[in-house]
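User: Hey, got a minute to go through this one with me? I'd like to start with the terms and then poke around.
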Amino acid sequence: MYADVSLPIPLDQVFTYRLPQTLWHRAQAGCRLIVPFGIRKLTGVVVEVHNRQPEGPTREALRLLDEQPALEAHLLELGKWIANYYCAPLGEVLRGMTPLAGEIRNTKIYSLTDSGRDATRQLLLGEDSDDPGVQLLRMLDSRPLSAAYLKKKILNATAVLKSLEKRRFVHAEDVQADRDPLRASADRLLVEHTARPEGVKLKKSERELVSFLELHPGSHKLSEVDALIRGASEAARSLARRKLVSLKVEPVSAMPHPFKPPPVLNAAQQVAFDRIQASIRSQQFEAFLLHGVTGSGKTEVYLRAIEAAIAMGRNALLLVPEIALTPAMAGQFYHRFGDAVAILHSAFHDSERAEQWRRIRSGAARVVVGTRSGVFAPVQNLGLIVVDEEHDQSYKQQETPRYNGRDVAIVRAHAAGACVVLGSATPSLESRHNVEREKYKFLELPERIAERPMPVVELIDMRTEFLETHKHATFSRALIDAIQQRLGLGEQVMLLHNRRGFSSFVACRACGERMECINCAVTMTYHRRDRRMLCHYCNYAAKIPSKCPKCDSEHIAFLGVGSERVEEDLHQLFPTARIARLDRDTVTGKRDFEIILHGFRERDFDILVGTQMIAKGHDIPNVTLVGVVSGDVGLGMPDFRAAERTFQLLTQVAGRAGRGHIPGKVLVQTINPDHYAVRFAAAQDFIGFYNKELQFRKLMRYPPFSALANVLVRSEKQEDAQRIAAEIGFLLDPPPENLKVLGPAEAPVPRLKNEFRYQLLIKAANRTTLNQTLRNLRLTAIERKWPATALVIDVDPLSLL
Ligand code: ADP
Ligand code: ZN
Ligand code: ZN
């Protein structure tokens, strides 16, 4: 018997291995198998088991990791579709689809049966023996032991165990070994006092921890105790190993979420729900775009649709953008669906994720909530997939395989005969266009819940502001007044500034030199708290030079405003206001995001400043003013989606205002008040923007009017990158019919992480041509032995940087 195995290497082929007889009836398609490859061992996925003798010698497979396929047939098919559509090696796709399965460690635990126990007793009466079988029975007589342990202690343990099992002296139990919870990070662990350690010698930190826990009964977050007692984290782990304190991983649903009974749907919600319900009932694939303005109650429609699917005996999958999957959001689902929910959260500990995966696979969990890779969850009998905020960029994976979770969701739903709902207040142009092309049905929630008005958006022209004040201030007078007023009323304010750090450039006033990263062709950002400059692309950090490296001048200037600076300026302007900041510098741990947001929701802060992180989906009723410090940040990006992104960001952040009883106001500072993206966002006019942007895309043959791929060539050696890019240029010149090629040219970031980058943008009139061209390109890459990392193919790219 042979197995064709797909390996996680950048080659488009499967490899055939001989199966040892022990695996003949166990290895199946979808199981992971460890095989020799060159001098390495690799874990691949079996795509077929057969008895066709291959030509030439074959090597023998080493070890089977799954008794049940980690990827069932339909997911294997989905993997093949992804590999084909995104021109990615199948093995790398499949590896990306099994991360959860990868965390499950199957362990066999052996114990004695009754007859085994009898036999051991008799042996004990008898003489000593060197027989490994006897040794093994004696070891098991004291306690059950894992296969791994026995293998270490006893020669040839596998064979011995097998023969003992046959004679029914021992029996094996498959258990899913949890990874050691002591290895979870401190902010996920709860520590609790168990027993008073008597007669044990303790270190100072251990003594301090024990007395703290004695004084403060109950469980404490280890990270918090760690802040009070030096070395508490270490001490707790060491005490826990000796069972002197207990350490538990905190359940993710611990973040409280106010429980609200399900509301009665309004008319628009009801219409949308009815259509979705009918679609699930039909058991036919159908795709809907649910366009609901901010605050229109889309989530409630999803919840009802999921309930309906469950009532019909089918299961549901909800995908959310990365940042949206917070413990609070999870809490909402636990309230509604109780134990039927599985949450695939990156903040989960490995063992918890494995647990969720098993519950989904077994059918115990009927509702799955997850981010991008959740689209591969082993949901059985799928009736509904919901993709929330379908326009969100985090659905696109930025490394191989560069799939878009939203689009994979459509394909998966199609194969499963399920209903798929894409929801957004700012649908992507592609999705909205698919409504016109009658690929998706259209559902609309045109108004906010409870007839709450849409927020009023005002544009503040910062050019006029400068002419009138002669100052380059971060805040206009109007925005300052508005903030002042809201604070006076005890209401809350959100301020968006989509650029982190303190100042975006560090430059010399004398010669104009800008400080650049040594690894990338980008300027360094000044981070004041850390007193250093940071590259936002590769994280390279450097001290602020005291003199200009080019002209020796001491006049170093900090230019361009970042979110850290916005926060600083706010403290100056409003000394008594309580201000929090939400950006990638304040959100470093997995839970910081939720903690800051939770604090804001609980009114611990008056003002929340942040990057785009603050714009997404949060529902905080007391926010009545949203300010945008610069509406222009995204407009200058060398990317045809710059306008769409700006429109989405401004519309989404504006939508955070006035979600409670008090109407909201939005002030957008800009130097481009006439730009259509800014204007339509201010008018909250999606269709206006859509029509205008569509014209531009049509004229320029950009998606949705073409199939696009970005071909990036990168190398540490500039000549190599240049040469390969040029070779590709030749191959595509003249371009195949129905194809247009832009480049090769330097990439917008010509050097990144020490690699030189060139790119070609390929626009094709149809998918087949595009796919064929890219496929040929990959073959050429293999023929000409280009380094495996040199060529990056991004189909349907979302970012051209
Ligand atoms: P969206 O996601 O469309 O921006 P949400 O789903 O966050 O809007 O809904 C906004 C608020 O309205 C939430 O607090 C939600 O609980 C509430 N809500 C939703 N539907 C109804 C309804 N039919 N009646 C009353 N409140 C509702
Ligand atoms: Zn200088
Ligand atoms: Zn860099």
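Analyst: Sure, burial first: buried means under 20% relative accessible area, exposed means over 50%, and partly exposed is in between, with a 1.4 Å probe and protein chains only. This is a predicted model, so local features need pLDDT of at least 70, side-chain atom pairs count only at pLDDT 80 or more, and totals for chains, interfaces and linings use all residues. Residues are numbered from 1 along each chain as its sequence is written, chains are lettered from A and ligands numbered from 1 in the order in which they are written, and side-chain values use heavy atoms, with hydrogens and water left out.

User: Is Arg 372 buried or exposed?
Analyst: Arg 372 counts as buried, because its relative accessibility is 16%.

User: What does Arg 372 form a salt bridge with?
Analyst: Glu 322, with 3.6 Å between the closest N and O atoms. The two sit in distant parts of the chain, 50 residues apart: Arg 372 is in the loop between strand E15 (367-370) and strand E16 (382-387), and Glu 322 is in the loop between strand E13 (315-319) and H13. Glu 322 counts as partly exposed, at 44% relative accessibility. A salt bridge here is a side-chain nitrogen of Lys or Arg within 4 Å of a carboxyl oxygen of Asp or Glu. Helices (H or I, at least four residues) and strands (E, at least two) are DSSP runs, numbered from the N terminus.

User: How many salt bridges turn up in the whole structure?
Analyst: The search finds 42. One of them joins Arg 784 to Glu 727, whose closest N and O atoms are 2.8 Å apart. That pair also links distant parts of the chain, 57 residues apart, with Arg 784 in the loop between helix H25 (767-783) and strand E33 (791-795) and Glu 727 in helix H24 (residues 718-731). Arg 784 is partly exposed at 39% relative accessibility, while Glu 727 is buried at 17%.

User: What about Arg 486 and Glu 491?
Analyst: They form a salt bridge too, at 3.1 Å between the closest N and O atoms. Arg 486 is buried, at 12% relative accessibility, and Glu 491 is buried as well, at 8%. There's also a network of salt bridges linking Glu 300, Arg 304, Glu 307 and Arg 336.

User: And which side chain of opposite charge is nearest to Glu 755?
Analyst: Arg 714, 4.0 Å away, but Glu 755 has no salt bridge even though it is buried. For charges, Lys and Arg count as positive and Asp and Glu as negative, with His and the chain ends not counted. Glu 755 is in strand E32 (residues 755-764). Apart from neighbours within four places in sequence, Glu 755 is in contact (heavy atoms within 4.5 Å) with Arg 714, Ser 715, Glu 716 and Pro 750.

User: Switching to helices. Why call H20 largely enclosed?
Analyst: Because seven of the 10 residues of H20 (residues 592-601) are buried. Those are Phe 593, Glu 594, Ile 596, Leu 597, His 598, Gly 599 and Phe 600. Their cover includes helix H13 (327-337) and strands E20 (492-496), E26 (579-582), E27 (607-610) and E28 (623-628). Just after H20, Arg 603 takes a positive phi of about 65°.

User: Where else is there a positive phi in a residue other than glycine?
Analyst: Glu 438 is one of them, with phi near 60°. Glu 438 lies in the loop between helix H16 (429-436) and strand E18 (441-445), and is exposed with a relative accessible area of 70%. Arg 701 has a positive phi too, about 55°, in the loop between helix H23 (686-700) and strand E30 (707-715). Arg 701 is partly exposed, at 41%.

User: Which peptide bond at Pro 734 or Pro 744 is cis?
Analyst: The bond from Asp 733 to Pro 734 is cis, with omega near 0°, and so is the bond from Gly 743 to Pro 744, with omega near 5°. Pro 734 is in the loop between H24 and strand E31 (739-752), whereas Pro 744 is in strand E31. For context, most residues other than glycine have a negative phi, and most peptide bonds are trans.

User: Last one: how many helices and strands in the chain?
Analyst: There are 25 helices and 33 strands. Of the 801 residues, 54% count as buried.
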